[in-house]
Amino acid sequence: MKYYLISIGLFIFFGCTLESDVSSVPVSKVADGWETSLVAEIDQSYAGWDVEIGDADNDGRNEILVTGCPNSRLYLFKYVSSRWESHMLAENLAESKPGMGLTIKVVDLNRDGKNELILGTGQETGGTAFFYLMETDGYSITRKLVSRPPFNSSSYTHNFAVWDLDQDGVMEVISAYCGGGEIIRYDVDPALTKIDSKKLYQLTGSGEESIIADVDNDGQVEYLTSNSFRRGAAKVEIFEFDANGDLITPARLIIDGYDDKKCFYASLITEDVDNDGKNELIVGWKQDQSINKGTVLGYRVDKKVERLYTFSYEDEDLDLSYFEKMMAVADIDNDGKNELVLSTRGDNLSEKISSRHLGYVFEYKIEDNGRINKTLLADLDSLRAESSWLAVGDADNDGRNEIVLTTGKGDRTKEGTSYVLLLESNNHKND
């Protein structure tokens, strides 16, 4: 492993960036062939419970969007003239302090060729989570609509699934909410002047994920959710859609733990992890809330669910073993093939359970013979960061993928120091 010291400090106001003197920050140690750099240092305990790479201001170039806590801010980072510009677009989006920004996505909802932002909050002081539709010029928010459905009893947003479900030319948004377990659909009009909402389904546990994808490779998308955060009751549920884009209930397929073991939590993503041209389902299981052993499995979904890959099995190195917004399948090393990348959480004060504060980032690569190679890509300094959330894409517009990490440490209800990091491979750089 190589060690890197980064000595760049950023003091951030709305719409501007000022240099300031900050002592050198030990960001991480990284695997051979990889390097890390600092995008920004933020005066929040969590830089981002979500991070997105996309063209948020419609200038034809990607930016990094992050949202975290305790002041539920939204930041934009843009790479210009060999340096990162930082802009705080909004704060106190939860309209209470402490509060959380939990989900951010860049998406062209009305398909007019211009991207919008959708953001969901976490209400640490109680109340219903906010759903925001926003536009930005890269310096400030230029349009903001908000929805807070009265039939939602939940305070925390766990991801958005976006698709044109009713084929009207405008994308719909579905979210499964943490707390009560409501699955809610949001519809916007083509002019983006109003948001309608309706409840599609009630989960038995807490809604911890929302994905729309063709997980069974039949040419039609399905809705996937994690029905979790209940002792011995975590499930991955897969629903079909009807012609109106509503859920056909009950779920068509349910994965209820692994190896006859009931679980507390399940995290999931779906993508082509083995480069065979078909999507697989990746599930991270946490069997017991207070015991930190993570199991990450890969499945093939058809008329039934078949387990194909074991990436990790009851692995203590996965620390708290929650992986929401902490797993991605993408070509992270620019070799033309997808890999699975996964980061870990060690913020015991947030979850009120023990932790080793590992701050790891792992790569899992499936070789041609089916063997899985696991590599520790980064080991964050526990004095500076305990956890990280990630996204993969061309964040600095150099034509290559990078991993963007947003870190967290300590009590999420209090201010602190956190970082936005770029982790990139030197392999195949001149190919």
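The following paragraphs lead the reader through the strands, the nonpolar core, the pockets and some special backbone positions of this structure. The model is a predicted one.

A suitable place to begin is the pairing of strands. Strands of a sheet pair through backbone hydrogen bonds, and the pairing may be parallel or antiparallel. In this model, β23, β24, β25 and β26 form an open sheet in that order, with antiparallel pairing. What is found at the edges of this sheet? The edge positions are held by β23 and β26, the latter covering residues 305-315, and each of them has a single partner strand, so one side of each is left without a neighbour in the sheet. On average, and with direction ignored, neighbouring strands of this sheet are turned by 20° against each other. Within the sheet, strand β25, which comprises residues 291-301, pairs with β26 in the antiparallel sense over seven bridges. One position can be located by eye in the model: G294 stands opposite D315 of β26.

A further group of paired strands is found around β11, which spans residues 116-122. This strand pairs with β10 in the antiparallel sense over seven bridges, and V106 stands opposite L117 of β11. The strand β11 also pairs with β12, residues 131-136, again in the antiparallel sense, over four bridges. In this second pairing, L119 stands opposite Y132 of β12. Is β11 buried or exposed? Both of its faces are covered, for E116, I118, G120 and G122 on one side are buried, as are L117, L119 and T121 on the other. Because seven of the seven residues of β11 are buried, this strand is largely enclosed by the rest of the structure. Here, "buried" denotes a relative accessible area under 20%.

Burial also leads to the nonpolar core. The largest nonpolar core holds 24 residues, and those that touch the most other members are I282, V296, F311, L340 and L342. Several strands each supply at least two residues of this core, namely β6, β10, β26, β27, β28 (339-343) and β29 (360-366). Which strand gives the largest share? It is β29, with four residues. The reader has already met β26 as an edge strand of the open sheet, and β26 is also among the strands that supply the core.

The pockets come next. The largest pocket has a volume of about 950 Å³. Its lining consists of 33 residues, and those nearest its centre are E52, K105, N159, I269 and M327. Seen by residue type, the lining of the largest pocket contains 21 nonpolar, five polar and seven charged residues. Which strands each supply at least two residues of this lining? They are β6 (46-54), β10 (100-107), β15 (161-163), β19 (206-213), β23 (265-271), β27 (327-330) and β31 (387-393). The largest share, five residues, comes from β23, which is also an edge strand of the open sheet.

The second largest pocket has a volume of about 270 Å³. It is lined by 17 residues, of which W49, H158, E208, E351 and R412 are the closest to its centre. The lining of the second largest pocket divides into 10 nonpolar residues, one polar residue and six charged residues.

Finally, some positions of the backbone deserve attention. Where are cis peptide bonds found? One is the bond from K97 to P98, with omega near 0°, and P98 is placed in the loop between β9 (83-90) and β10. Another cis peptide bond joins T249 and P250, with omega of about 0°. The residue P250 lies in strand β22, which covers residues 247-255.

Two residues that are not glycine have a positive phi: for D260 the angle is about 60°, and for N397 the angle is also about 60°. The residue D260 is placed in the loop between β22 and β23, while N397 is placed in the loop between β31 and β32 (402-408). How accessible are these residues? The relative accessible area of D260 is 83%, and this residue is exposed because the value lies over 50%. The residue N397, with a relative accessible area of 23%, is partly exposed.

Definitions and conventions. Residues numbered from 1 in each chain as written. Predicted model: local features only at pLDDT ≥ 70, side-chain atom pairs only at ≥ 80, totals over all residues. Heavy atoms only, no water. 1 Å grid on protein atoms, 1.4 Å probe; cavity = no way out; pocket = protein on both sides within 12 Å on 5 of 7 lines; lining within 4 Å. Points joined across faces, edges and corners; volume = space filled by probe spheres on them. Nonpolar A, V, L, I, M, F, W, Y, C, P; charged D, E, K, R; others polar. Pairing = 2+ DSSP bridges. Axes fitted to C-alpha atoms, helices over the stretch in contact; angles between N-to-C directions. Core = buried A, V, L, I, M, F, W, Y, C linked by side-chain atoms within 4.5 Å. Buried < 20%, exposed > 50% of the residue type's maximum accessible area, 1.4 Å probe, protein only.
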